[in-house]
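Me: Please take a close look at one part of this protein, the open sheet and what packs or pairs around it. I would like a connected account that I can follow with the structure open.

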Amino acid sequence: MNPIVHFEILAGPGQDKQKLQQFYARAFDWNVDADNPFNYGMVDPGASKTGERGIAGAIDASEDGPDIVIYIEVDDPQRYLDRAIANGGTQVMPVTVIPGAVTMAQFRDPSGNL
């Protein structure tokens, strides 16, 4: 199985991502840590410390509009990107290596979800 390993909740242009971060922190008691050079609001569900269920994610902003993005771990990003496209998806980002972080690709599904 290819598990969901990360999510992003994104504010759109002109929207305040810090207010969005505060909303989720207050509404769900999430620890949102934006203390980094990009103010990228990392969400840690604490599962590694408490044994509770949950996946890590982030709350940030996008120039393309508000969005919710899920990240799925696969063993061969190109193969799964090709499968997504063959099944009606549209490539947004080719397989890209972000040094020291991740190798990733992005697509939109037939309904337009990223």
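Reply: What follows goes through the sheet strand by strand, then the helix across it, and then the charged pairs and one further strand. The model is a predicted one.

The sheet is open and has five strands, in the order S2-S3-S4-S1-S5, with mixed pairing. At its edges are strand S2, residues 31-33, and strand S5, residues 67-72, each of which pairs on one side only. From one strand to the next, the twist averages 25 degrees. As a general point, strands in a sheet pair through backbone hydrogen bonds, in either a parallel or an antiparallel sense.

Strand S1 is a good place to start. Six of its eight residues are buried, so S1 is largely enclosed by the rest of the structure. S1 pairs with S5 in the antiparallel sense, over six bridges, and with S4 in the parallel sense, over five bridges. Phe7 can be used to locate both pairings: its bridge partner in S5 is Ile70, and its bridge partner in S4 is Gly57.

On to S4, residues 57-61, and its pairing with S3, residues 41-44: these two strands run antiparallel and are joined by three bridges. One pair to look for here is Met42 with its bridge partner in S4, Ala58.

Next comes the helix. Helix H1, residues 17-28, lies across strand S1 (4-11), S2, S3 and S4, and runs at about 150 degrees to S4. Two of the aromatic residues in H1 are Tyr24 and Phe28, which sit four residues apart, about one turn of the helix. Phe7, Phe23, Tyr24, Phe28 and Trp30 form one aromatic cluster.

The count of aromatic pairs comes to five. Among them is the pair of Phe23 and Tyr24, which is edge-to-face, with 4.9 Å from centre to centre and 90 degrees between the planes. Tyr24 also pairs with Phe28: the ring centres are 6.1 Å apart and the planes are at 20 degrees, so this pair is stacked. The cut-off for stacking is an angle under 30 degrees between the planes. The accessibilities of these residues can be set side by side. Tyr24 has a relative accessibility of 16% and therefore counts as buried, the cut-off being under 20%. Phe23 has a relative accessible area of 48% and is partly exposed. Phe28, at 49%, also counts as partly exposed.

The charged pairs come next. In general, side chains of opposite charge can pair when their charged atoms come close. The whole structure holds three salt bridges.

One of them joins the helix to the sheet. Asp60 and Lys17 form a salt bridge whose closest N and O atoms are 2.8 Å apart. Asp60 is in strand S4 and Lys17 in helix H1, 43 residues apart, and the pair thus links distant parts of the chain. Asp60 has a relative accessible area of 15% and is buried. Lys17, with 18%, is buried as well.

Another salt bridge involves edge strand S5. It is formed by Arg108 and Asp67, with the closest N and O atoms 3.5 Å apart. Arg108 lies in strand S7, residues 102-108, and Asp67 in strand S5, so the pair ties together parts that are 41 residues apart in sequence. Arg108 counts as partly exposed, because its relative accessibility is 26%.

The side chains of Arg79 and Asp75 also meet in a salt bridge, at 3.3 Å from N to O. Arg79 is partly exposed, with a relative accessible area of 38%, whereas Asp75, at 63%, counts as exposed.

Arg108 also leads to a residue in one further strand. Leaving aside neighbours within four places in sequence, Val92 is in contact with Gln106, Phe107, Arg108 and Leu114. Val92 lies in strand S6, residues 90-98. The C-alpha atoms of Val92 and Gln106 are separated by 5.2 Å, although these residues are 14 residues apart along the chain. Val92 counts as partly exposed, because its relative accessibility is 44%.

Notes
Residues are numbered from 1 along each chain as its sequence is written. This is a predicted model: local features need pLDDT of at least 70, side-chain atom pairs count only at pLDDT 80 or more; totals for chains, interfaces and linings use all residues. Side-chain values use heavy atoms; hydrogens and water are left out. Two strands pair if DSSP finds at least two bridges between them. Axes are lines fitted to C-alpha atoms, for helices over the stretch in contact, and angles run from 0 to 180 degrees between N-to-C directions. Contact means heavy atoms within 4.5 Å. Buried means under 20% relative accessible area, exposed over 50%, partly exposed in between (1.4 Å probe, protein chains only). Rings of Phe, Tyr and Trp (its six-membered ring) pair if their centres lie within 6.5 Å; planes under 30 degrees apart count as stacked, over 60 as edge-to-face and the rest as tilted. A salt bridge is a side-chain nitrogen of Lys or Arg within 4 Å of a carboxyl oxygen of Asp or Glu.
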